[in-house]
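Me: I'm new to this one. Could you walk me through it, one question at a time?

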Amino acid sequence: MPGTGYLVERLLQAIVCILGISVIVFAITYLIGDPVHLLLPPEASATDREAFRAAMSLDRPALERYGLFLANALQGDLGQSYRYHLPVLEVVLERFPATLELALAAIVFAIVLGIGSGMLSAVRPGSAWDRMVELVALSGMAAPTFWVGIMLIWLFAVEWQMFPTSGRSGALSLVLPAITLGLYSAAVISRMTRSTLLEALGEDFVRTAVLKGAPQRAILFVHCLKYVLPALVTIVSLQFVLLLAGAVITETVFSWPGVGRLLVQSASGGDYPVVQGITLLLSVAFVLIQLLADLLQFALDPRLRSAT
Amino acid sequence: MKSFLQRAAFALAVSVSVAAPLVASAQPSGTLTVALPAEPATLDPHKGNTRYNYLFNSNMFEGLMVRNDKAELVPGIAESHTVSPDGLTYTFTLRKGVRFHDGSPLTAEDVKFSLERATNPATKNPLLNFIKTIDKVEILDANRIALTLKEKDAIFLKKLTFAGWIVPRAYLQQVGEEGFARRPIGTGPFRFVSRSINERIEMQANEQHWGWVPKVRTLVLRTVPEDAVRLGMLQTGEADIVAEMPPPLLDRISAIRGVKTLSHPSGEIYWLVLNIKDGAKESPLLKREVRIALNHAIDRQAIIKNVLRDQAEQIPGVLAPSVSVVDPNFKPYAYDPARARKILADAGYPNGFKIDMYGSVGRYTLDRDINLALANQLKAVGVEVNLNLWDSAKWVSDLPKKYYPMSYQAFGNTIFDPEGLMIFGVHSKAFWSFYRNENVDKLIDESLSITDQNARDAHFQKIDRAMHDDASHIFLWENKILFGIRDRVTWQPRPGDNVYKFWTASVGK
């Protein structure tokens with residue numbers, strides 16, 4: 001089967017990558033410091049602290065703890081949360097649907113807005129519309145997420161009361177956080193669509209299509225789309241991963257009960273098993289989505305297939 | 001302050017006179033939504049260690065002794081108790097007819113199980129230190145239970161209200177540790193309904209409660225970390241009470257129609273901790289005169305007014321006036337930079353000295369701004385402060401092991417007694433103390449055996465004076481927690497109690 005070598009190579013790369021990440025993740029939480037003082041009140045005595053440390057196996061050598069962490073992780077056991085007193089995997093997976101829902105809504109928003117506006121810009125480069133889209137896209141990239149979120153809440157939730165200010169209570173509550181989260185990606189996708197489409201429009205096959213009298217719509221949606229799609233798959237999958245992992249601020253502003261907020265709380269609360277678990281799971285998701293995107297591109301782009 | 005107290009007294013008087021004739025027939029009604037910046041991670045009362053755990057626990061669970069809405073120490077699940085002459089055995093008679101939220105009756109078995117669970121190291125109870133003096137729990141008969149202590153504890157009952165929560169044995173064993181943390185059952189005024197982690201906890205009035213049936217039917221605790229969003233929720237009516245607002249938002253809250261603000265003394269004291277313990281061999285702070293000079297260098301009123309927007313009350317020592325007795329004639333060190341400079345010169349530092357200061361960012365209200373203000377005021381009298389500001393988590397985990405010559409800190413009141421502060425924050429043997437004074441240590445040791453409340457009050461004032469005279473710390477203030485409350489809500493927390501109790505709150509139209 002063609003491409004088997006490629007597939008095996010990419011899979012091996014993914015495994016090495018995840019292993020490397022696990023070392024970094026563990027080392028970072030180890031370096032942050034001693035969680036015991038974050039977990040116990042000032043009223044705990046020195047002996048209590050030692051006992052607590054032993055109960056959490058924090059008194060063992062770092063290498064032994066890493067080995068244990070890895071061995072357990074391979075069996076799907078990411079340890080026990082210090083603060084929730086529940087298995088880490090359970091704590092994280094419980095919040096994952098909220099994050100996934102938000103990321104999906106945001107990426108749909110970003111794709112529709114980004115590809116739509118990018119295509120319109122590319123068709124009439126230099127027009128007033130093109131320049132306006134560019135301005136909005138650049139602002140969208142530059143505006144800090146928390147500011148966009150607070151402004152949207154202030155306008156649409158407090159002043160006009162069209163949406164709830166925060167929380168996860170039905171479809172309406174999804175609108176503002178999805179826009180906040182998806183705005184940056186929409187801007188990136190819009191710019192990307194414009195430039196690749198402009199490039200495609202200058203290619204020989206477009207000239208041929210125009211000469212043989214194909215309607216403009218067919219040129220744009222059939223001929224050019226095929227050319228643009230692989231690049232878009234890459235950019236959208238990259239953006240989607242960023243949305244999954246990067247919802248921290250949006251989730252905090254909108255008190256959205258997702259993984260991002262859990263990560264921040266756990267880091268500041270000393271709940272390191274959860275920090276390790278989330279980072280590891282997100283890294284795995286990142287690597288897998290990239291792998292999937294590569295394979296998809298392999299299928300979409302005949303030039304890649306002939307190269308191997 | 002005076003007008004605040006007057007208002008509080010007035011509000012109480014009004015609510016009492018209106019409510020009194022209705023008591024017999026009053027049914028819980030309405031929904032009270034409270035927006036808090038954080039939530040309890042676990043709902044298991046023997047495993048949590050934040051203010052939000054304490055808040056949840058005190059509305060949901062009860063101990064043998066409890067704190068009522070005025071934060072007074074009153075019988076809870078036990079209706080009475082006796083103490084043996086040696087002070088080591090407490091015999092409790094259980095209140096009759098107490099039921100858990102699932103309807104099952106509370107038994108002596110539940111009490112024994114709960115206290116053994118709370119003191120078992122395997123439970124990893126962060127509050128173990130409060131009750132680890134419990135040696136054994138014996139059931140005398142169906143209604144009586146005896147606790148034997150390893151050593152005498154003058155305020156054992158106060159500690160029981162904070163760490164001795166009673167949970168249902170049968171239910172817990174049936175659903176398991178994790179199942180219980182997900183769907184807890186207690187005997188308190190509110191029962192658990194549902195939770196969406198990091199978003200909301202919903203509770204409902206326990207109409208079978210033996211004495212404190214809530215006035216509201218539903219209590220919703222929303223978790224909203226962003227201050228501006230809590231403000232928005234107050235404006236749209238999504239929240240009835242928003243808690244722990246940053247002082248700079250005071251004017252914004254006051255400007256909302258139909259909303260009042262409440263500045264609630266927290267019982268938490270703030271101080272600039274001066275390290276004169278083991279690490280401080282060469283430190284100028286070892287000289288008492290230097291510490292006195294630094295106390296004169298700080299303009300507390302300026303910080304309280306300009307940074308904290310009056311959400312704090314200056315204190316002369318370390319006792320919080322809202323929870324401890326403090327002599328009104330006991331005056332703070334006066335702000336007098338000229339005097340500070342003169343004392344420093346007389347002490348051998350005419351050109352001041354260099355010192356490192358470590359401050360947290362994000363741990364205390366406006367801690368970054370306050371650290372900067374304190375450092376600048378010290379610089380103004382010639383002390384060259386090198387201020388290091390660190391993220392809260394890093395700052396805390398390094399505090400016990402790294403040498404911080406000076407650091408801005410707080411110490412909370414959890415049991416309505418200064419013992420916690422003294423034993424864990426002042427005594428030279430304490431893990432969290434950076435102070436050393438044999439006389440103060442001796443006075444604290446003596447306090448441990450004083451049971452009479454008036455004698456305790458007098459004794460702690462004596463310690464407070466001794467620390468003031470020794471300039472043990474740079475004494476600062478007790479802070480106030482800023483609330484925004486919609487006018488339809490009637491609720492008056494007891495000053496100094498930051499474990500908010502909501503069963504006396506009511507909502508109108």
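Me: How many helices and strands are there in chain B?
Reply: A word first: this is a predicted model, where local features need pLDDT of at least 70, side-chain atom pairs count only at pLDDT 80 or more, and totals for chains, interfaces and linings use all residues. Residues are numbered from 1 along each chain as its sequence is written, and chains are lettered from A and ligands numbered from 1 in the order in which they are written. Helices (H or I, at least four residues) and strands (E, at least two) are DSSP runs, numbered from the N terminus. On that basis chain B has 16 helices and 19 strands.

Me: What is the radius of gyration of chain B, and what does the globule rule give?
Reply: The radius is taken over C-alpha atoms, and the rule is 2.2 Å times the number of residues to the power 0.38. Chain B has 509 residues and is as compact as a globular protein of that length, because its radius of gyration is close to the rule's value: 24 Å against 23 Å.

Me: Which helix crosses from β14(B) to β15(B)?
Reply: Strands β14 (residues 354–361) and β15 (residues 384–391) of chain B pair in the parallel sense over eight bridges; pairing takes at least two DSSP bridges between the strands. Within β15(B), B:Asn388 is the bridge partner of B:Tyr358. The β-α-β crossover is right-handed, that is, clockwise from the first strand over the helix to the second with the strands pointing away from the viewer. The crossing runs through helix α12 (residues 367–379) of chain B.

Me: How many residues of helix α12 (residues 259–269) of chain A are buried?
Reply: Buried means that 20 or more other C-beta atoms, placed from the backbone, lie within 10 Å of a residue's own (exposed is 12 or fewer, partly exposed in between). Among the buried ones in α12(A) are A:Val259, A:Leu262 and A:Ala267, and their cover includes α5 (88–123) of chain A and α13 of chain B. The helix is largely enclosed by the rest of the structure, because the buried count out of eleven residues is nine.

Me: How many residues does each chain give to the contact, and how many on the side of chain B are charged?
Reply: Two residues are in contact if their C-beta atoms, placed from the backbone, lie within 7 Å. Chain B and chain A each give 45 residues. On the side of chain B, 21 are nonpolar (Ala, Val, Leu, Ile, Met, Phe, Trp, Tyr, Cys and Pro) and 13 polar (the others, Gly among them), while the charged ones (Asp, Glu, Lys and Arg) number eleven.
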